[in-house]
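Biologist: I should like a close look at the surroundings of the bound ligand. Please describe that part with care, and then add what else the structure shows.

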Amino acid sequence: MDSTLNPLHSTRPDTARPKSPWGRHDPYVSMEELGKSFVGFASLPHQIHRKNVKKGFEFTLMVVGESGLGKSTLINSLFLTGLYSDRILPNTSEMIERTVGISKKTVDIEEKGVRLKLTIVDTPGFGDALDGTESYYPVLDYLHEQFEQYRMDEMGKHRTQIKDNRVHCCLYFISPYGRGLKPLDVAFMKDLQTHVNIVPVIAKADCLTKAELLRKKETIRREMEFHKIKIFEFSDCDSDNDVEWTRQDFEMKNSVPFAVVGSNMQLRMDGRKVRVRAYPWGVVEVENPDHSDLVHLRTMLVRTHMQDLKEKTQDNLYEQFRISRMNMRSPSMSF
Ligand SMILES: Nc1nc2c(ncn2[C@@H]2O[C@H](COP(=O)(O)OP(=O)(O)OP(=O)(O)O)[C@@H](O)[C@H]2O)c(=O)[nH]1
Ligand SMILES: [Mg+2]
């Protein structure tokens, strides 16, 4: 047999070998080169990384809150335009129409060869009905159904082909006008917290001065603690002692509830395309950290805590749901 065809007896010069971008733990480096003391499992993270990149990533985000707080506008500002300007988008007037039913949009995003399938679940705002609790039941039902469907699929025959529609994160919109949380916010979040990671945001933050915003954040944090509302807790992200990263992490955690501003309008400023809200007295740049926390929020969702949100959904929320469903069944199963 031609030894050049057999990878074990390859006579190819070393330079023909594919070069790994991973430096020290290059999986193509032979045991002889590494020294006898290496077994080779140091390349495990890279194997996992390669496999995940090949499969692509999936993430589902939901927006909920009172009607007219800018939920549909914000998801557009966060992900659907600007970042990916070549994507065909619904026109602006369609974007700001009132949301009347739960709607799901999926976008495929690719960055440096890494694919992300991002699903955004937009929900109709509540607020007009006399008994507000009724208007949020469809959202709770939706979350419950996704967990239940996943549970049924897990028990089914084709476990490897399960389509995961569970929601990993819910942006909860709080009005900038009230003094803090409204009774309906408290009730809704307490119901939501068992099914989804809640990330609270203060909507339309351009309505508040800096001092008012800080006070509002403080009040909301206190009220959440008082009412024992469980929101998503940031675990420390892997900073590798990088000072800049640690600073960003600190700022991000301090921003909760994130003060956000959304807009469908873009202006060209100093040669850059900037998403803004233009008022007679000035311009609010939605991605300027001095004007809003939108960039911190996007960093948290995409760059630093996406995996954490997914793991908390699987290991804590879904697991609790699964156990409670099992406990519900067991009395009827005994005899
Ligand atoms: N001042 C201000 N207005 C905003 C902001 N975001 C959106 N708006 C405006 O608020 C109005 C409602 O925006 P939507 O995005 O439709 O609000 P929504 O929360 O999706 O409303 P529903 O679909 O009824 O639940 C629109 O006129 C937007 O232009 C913001 O950050 N600041
Ligand atoms: Mg809407």
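Modeller: What follows treats the ligand site, then a pocket, and last a pair of aromatic rings. The model is predicted, and every value below is computed from it.

The shell around ligand 1 consists of 18 residues. Ser-67, Lys-71, Thr-73, Thr-99 and Gly-262 are the closest of these. Sorted by class, this shell holds 8 polar residues, together with 5 nonpolar and 5 charged ones.

Several polar contacts involve oxygen atoms of the ligand. Ser-72 places a polar side-chain atom 2.9 Å from an oxygen atom of ligand 1. Lys-204 also contributes through its side chain, where a polar atom lies 3.2 Å from an oxygen atom of ligand 1. With Gly-262 the backbone is involved: one of its polar backbone atoms is 2.8 Å from an oxygen atom of the ligand. Gly-262 is thus named twice, since it is also listed among the closest residues of the shell. As for cover, ligand 1 taken alone exposes 650 Å², and the protein buries 84% of that area.

Turning to secondary structure, two or more residues of the shell come from each of α3 (71-80) and β8 (272-279). Helix α3 gives the most, with 3 residues.

The second largest pocket may be described in the same manner. Its volume is about 650 Å³, and 21 residues line it. Nearest its centre lie Gly-56, Phe-57, Glu-58, Asp-164 and Lys-310. The lining draws at least two residues from each of the helices α2 (44-55) and α10 (306-333) and from each of the strands β1 (57-65), β2 (103-111) and β3 (114-122). Among these, α10 gives the most, supplying 5 residues. By class, the lining counts 10 polar and 9 charged residues, with 2 nonpolar ones.

The aromatic rings remain. A pair of such rings is described by the distance of the centres and the angle of the planes. Across the whole structure, a search finds 11 aromatic pairs. One of them joins Phe-234 and Phe-258 in an edge-to-face arrangement, with 6.5 Å from centre to centre and 65° between the planes. This pair links distant parts of the chain, as its two residues are 24 residues apart. Phe-234 sits in the loop between α7 (210-226) and α8 (243-254), whereas Phe-258 belongs to strand β6 (residues 258-259).

Conventions: Residues are numbered from 1 along each chain as its sequence is written. Chains are lettered from A and ligands numbered from 1 in the order in which they are written. This is a predicted model: local features need pLDDT of at least 70, side-chain atom pairs count only at pLDDT 80 or more; totals for chains, interfaces and linings use all residues. Side-chain values use heavy atoms; hydrogens and water are left out. A residue is near a molecule or strand if one of its heavy atoms lies within 4 Å of it. A polar contact is a pair of N or O atoms within 3.5 Å; within protein, one must be able to donate a hydrogen and the other to accept it, and residues adjacent in sequence count only if both atoms are side-chain atoms. Accessible areas come from the Shrake-Rupley method with a 1.4 Å probe; for residues, only the protein chains shown count as cover. Helices (H or I, at least four residues) and strands (E, at least two) are DSSP runs, numbered from the N terminus. Ala, Val, Leu, Ile, Met, Phe, Trp, Tyr, Cys and Pro count as nonpolar, Asp, Glu, Lys and Arg as charged, and the others, Gly among them, as polar. On a 1 Å grid over the protein atoms alone, a cavity is a set of points where a 1.4 Å probe fits but cannot get out, and a pocket is an open set with protein on both sides within 12 Å along at least five of seven lines; lining residues have an atom within 4 Å of a point. Grid points are joined across faces, edges and corners, and a volume is the space filled by probe spheres set on the points. Rings of Phe, Tyr and Trp (its six-membered ring) pair if their centres lie within 6.5 Å; planes under 30 degrees apart count as stacked, over 60 as edge-to-face and the rest as tilted.
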